[in-house]
Amino acid sequence: MQEKKSIHGSWASRWIFILAATGSAVGLGNIWKFPYITGENGGGAFVLVYLLCIALVGIPIMVGEVFIGRRARQSPVNALTDLAQESGQSKKWGLVGLMGMLAGVLIFSFYSIVAGWVLQYIFSTASGALNGISSEAAGALFEGLLADPTTLLMWHTVFTIMVLVVVSAGVNAGLERATRIMMPALFVLLLVLLGYAMSTDGFSAGWHFMFDFDVSKLSWDAVLVALGHSFFTLSLGMGSIMTYGSYMPKRASIGSTVLTIGILDTLVALVAGLAIFPIIFSNGMDPAAGPGLMFISLPVAFGQMAFGQLFGFLFFVLIGVAAWTSAISLMEPTVAFLVERVGMTRKKATLALGTVAWALGILCLGSFNFMSDFTLFGKNTFDFLDYLTANIMLPLGGIFVALFAGWVVKEKFAKDELSFKSEALFKVWKFIVKFIAPVAVTVVFILNL
Ligand code: PHE
């Protein structure tokens, strides 16, 4: 069969694909969300469940997404529709792609607000406003930002525009080059911060908090949060990785590539946790402080360390970049779809989608001020959309991808694409996507009802 090509372009090499997919995976989920949900859910036991979910469910599903994308060379709706048809199954599988696009827009709406906080903190660190700040003052500063809808709206708008500029430019060499420098730099700075955290009195408390396993702290809701986060952090269940896979070169091996992405993503999250919790414990702060955790603890740490102003500034810049490369991947599946199916130009598609996502974002930022009384199922809009997408829509999307890869698509297609070195490895993967992943996710869902 002649090799299909995506109409949107393709990555220059296997490494560019790894960088782009890692850019999608590593983001606010790792540095902002993972530490704060670990804090809210009691630490060690939660971390262990999260790691199990990544290894047993996340990585095998990522393999599925990449092979589906690369085989079909189209956006998720079309990829699933076509492969289902070629395998003699119902075209309705395309609906899974539709749910993914919706999840992408909903995630963007709150993601962009948090990215906006990061942009604000780039300026606060640069100006020296955080030098020597106490934990009380850092808390008050963050509260002050949340209470100010105008500033939040400004940064939300700036971030949305940054994303739209890149997405409208297409599968982009500039971005690829930026990721190549920024991802390693992020890692180095995380290690600097980790070094600082290791020098504080709280390091051993932080370490024990993250790695001591205490089942009594684990609830079924915490398991669902861990599972949901494993999808969120790997960008699974909504088509981002499938779309990036559709731009992947044919020669590259999917298994080792996906493993690399999964390991990098997990390392960044663990290092972020090990950098943040010691600071929390040595300053007597609350690990369960919620979404503000990073924005309160890090300024305190940077405020105390040598060259803290410089490191703090660089660190927030890099988190901003990590958020940026992730947000781009939230939009790409829908933009690719609008270009393929609706025949829009990429620019128009980006603008249309961006406008919708931006408007929804206003409802999220209002959660902290003018709309703080408005709740859905007992949560404000921001928390509700976070919960709905990460804990329900992404795992559901993930189940469908697993079922699709395991039961629907012709086994020959999977074998051709994956070309695993050993037949046993293929069998293990197939068993996981056929049974383990869907059953595990379903059980966790049911136990939460
Ligand atoms: N994986 C990203 C993060 O951890 C978020 C994301 C989710 C991006 C879903 C794309 C799709 O920040």
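The questions and answers below go through the pockets, cavities, salt bridges and a surface patch of a predicted model.

This is a predicted model, in which local features need pLDDT of at least 70 and side-chain atom pairs count only at pLDDT 80 or more, while totals for chains, interfaces and linings use all residues. Residues are numbered from 1 along each chain as its sequence is written, and side-chain values use heavy atoms, with hydrogens and water left out.

Me: Which helix gives the largest share of the lining of the largest pocket?
Reply: A pocket is an open set of points on a 1 Å grid over the protein atoms alone, with protein on both sides within 12 Å along at least five of seven lines, and a cavity is a set of points where a 1.4 Å probe fits but cannot get out; lining residues have an atom within 4 Å of a point. The largest pocket holds about 450 Å³ of space, a volume being the space filled by probe spheres set on the points, which are joined across faces, edges and corners. Its lining has 22 residues, with Ile59, Val63, Gly255, Leu259 and Phe420 nearest the centre, and α3 (44-72), α12 (254-282) and α18 (423-448) each supply at least two residues; helices here are DSSP runs (H or I, at least four residues), numbered from the N terminus. The largest share, eight residues, comes from α12.

Me: How many residues of the lining of the largest pocket are charged?
Reply: Ala, Val, Leu, Ile, Met, Phe, Trp, Tyr, Cys and Pro count as nonpolar, Asp, Glu, Lys and Arg as charged, and the others, Gly among them, as polar. By that division the lining of the largest pocket has 15 nonpolar residues and six polar ones, and the number charged is one.

Me: Which helix gives the most to the lining of the second largest pocket?
Reply: The second largest pocket, with about 290 Å³ of space, is lined by 15 residues, of which Tyr36, Glu40, Lys379, Asp386 and Tyr387 lie nearest its centre. Its lining divides into six nonpolar, three polar and six charged residues. At least two residues each come from α2 (28-40), α10 and α16 (381-408), and the helix that gives the most, with five residues, is α16.

Me: How many charged residues are in the lining of the largest cavity?
Reply: The whole structure has five cavities of 30 Å³ or more, and about 130 Å³ of space lies in the largest cavity. Of the 17 residues that line the largest cavity, Ser24, Tyr111, Phe232, Ser235 and Leu330 are the closest to its centre, and α1 (14-25), α2, α5 (94-127), α10 and α14 (308-342) each supply at least two. The lining comprises eight nonpolar residues and nine polar ones, and of charged residues it has no member.

Me: How many residues apart are Arg70 and Glu417, whose side chains meet in a salt bridge?
Reply: A salt bridge is a side-chain nitrogen of Lys or Arg within 4 Å of a carboxyl oxygen of Asp or Glu, and the pair of Arg70 and Glu417 meets this with 2.8 Å from N to O. The pair links distant parts of the chain, with Arg70 in helix α3 and Glu417 in helix α17 (residues 411-418), and the separation is 347 residues.

Me: Is Arg71, the salt-bridge partner of Asp416, buried or exposed?
Reply: The closest N and O atoms of Asp416 and Arg71 are 3.8 Å apart, and because Asp416 lies in helix α17 and Arg71 in helix α3, the pair ties together parts that are 345 residues apart in sequence. Buried means under 20% relative accessible area, exposed over 50%, and partly exposed in between (1.4 Å probe, protein chains only). Asp416, at 38% relative accessibility, is therefore partly exposed, whereas Arg71, at 8% relative accessibility, counts as buried.

Me: Which residues are linked with Glu423 and Lys427 in a network of salt bridges?
Reply: The side chains of Glu423 and Lys427 meet in a salt bridge (3.9 Å, N to O), and because they are four residues apart in helix α18, they are separated by about one helical turn. Glu423 is partly exposed at 42% relative accessibility, while Lys427 is exposed at 55%. The residues linked with Glu423 and Lys427 in the network are Glu411, Lys415 and Lys430.
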